[in-house]
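Here's a quick walk through a model, written for someone who'd rather look at side chains than read a long methods section. Keep the viewer open and follow along.

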Amino acid sequence: MGIVLIIVVVILSLAAAGAIYRIAAGPSLLDRVLAADVLLAIVGAALATDMAVNHHLNNLALLVSLSVIGFIGSVTVARFVSDRREEP
């Protein structure tokens, strides 16, 4: 279990570093928002990994609320971008 945990931590860290880089250097607002959504999913995966390793459900409410916030944020940005593209 220790080796799997190390592999998961390394993969999540590299993914988070890539998402943070895209947030900082993204050429457009949509790239930055998508990278923020990916970073939120990575945080959720880290919380789920913590719950699986330590055999508890203490972070479940936080995980659900992060998922709902990420979904609402993504839908809001998608509607905003689609509204901007429809204007002449």
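Whenever two residues are said to be in contact here, that means they have heavy atoms within 4.5 Å.

## How far to trust it

First things first: this is a predicted model. The mean pLDDT of the chain is 92, and 95% of its residues reach 70 or more. Among the elements of the chain, helix 1 (residues 2-25) has the highest mean pLDDT, at 96. Helix 3 has the lowest, at 88. As a rule of thumb, predicted coordinates shouldn't be read in detail where pLDDT is low.

## The loop between helix 2 and helix 3

Let's start with the stretch that links helix 2 (29-54) to helix 3 (60-86), where you'll find His 56. His 55 is in this loop too, and so is Asn 59.

Is His 56 buried or exposed? His 56 counts as buried because its relative accessibility is 19%, and the cut-off for buried is under 20%. Asn 59 also counts as buried, since its relative accessibility is 18%. His 55 is another story: with a relative accessible area of 70%, His 55 is exposed.

His 55 has a backbone quirk as well. Most residues other than glycine have a negative phi. His 55 isn't a glycine, yet its phi is positive, at about 55°.

## Who talks to Asp 50

Which side chain does His 56 meet in a polar contact of 3.4 Å? The partner is the side chain of Asp 50. Asn 59 has a polar contact with Asp 50 too, side chain to side chain, at 3.0 Å. So when you click on Asp 50, look for both His 56 and Asn 59.

The side chain of His 56 also reaches a backbone atom, namely the nitrogen of Asn 58, at 3.1 Å. If you skip neighbours within four places in sequence, His 56 is in contact with Asp 50 and Met 51. Asn 59, with residues up to four places away left out again, touches Leu 47, Asp 50 and Met 51.

## Asp 37 and helix 3

Now over to helix 2, home of Asp 37. With a relative accessible area of 28%, Asp 37 is partly exposed. What does Asp 37 contact once neighbours within four places in sequence are set aside? Gly 70 and Ser 74. Asp 37 and Gly 70 are 33 residues apart along the chain, but their C-alpha atoms are separated by 6.1 Å.

## A nonpolar patch on the surface

Which residues form a nonpolar patch on the surface? They are Leu 57, Leu 60, Val 64, Val 68, Phe 71, Ile 72 and Val 75. Together they have about 650 Å² of accessible area.

Take Val 75 as one of these patch residues. Val 75 is found in helix 3, and Val 75 is partly exposed, with a relative accessible area of 35%.

## Arg 22 on helix 1

Last stop: Arg 22, which lies in helix 1. Arg 22 is partly exposed, with a relative accessible area of 35%. Not counting residues up to four places away in sequence, Arg 22 touches Pro 27, Asp 31, Arg 32 and Ala 35.

For a long-range yardstick, pick Arg 22 and Arg 84, which are 62 residues apart along the chain. Their C-alpha atoms are separated by 23 Å.

Technical notes
Residues are numbered from 1 along each chain as its sequence is written. This is a predicted model: local features need pLDDT of at least 70, side-chain atom pairs count only at pLDDT 80 or more; totals for chains, interfaces and linings use all residues. Side-chain values use heavy atoms; hydrogens and water are left out. Helices (H or I, at least four residues) and strands (E, at least two) are DSSP runs, numbered from the N terminus. Buried means under 20% relative accessible area, exposed over 50%, partly exposed in between (1.4 Å probe, protein chains only). A polar contact is a pair of N or O atoms within 3.5 Å; within protein, one must be able to donate a hydrogen and the other to accept it, and residues adjacent in sequence count only if both atoms are side-chain atoms. Patches are made of residues with over 30% relative accessible area and no salt bridge: like charges are joined within 9 Å, nonpolar side chains (Val, Leu, Ile, Met, Phe, Trp, Tyr) within 5 Å. Accessible areas come from the Shrake-Rupley method with a 1.4 Å probe; for residues, only the protein chains shown count as cover. A salt bridge is a side-chain nitrogen of Lys or Arg within 4 Å of a carboxyl oxygen of Asp or Glu. pLDDT is the predictor's confidence in each residue, from 0 to 100.
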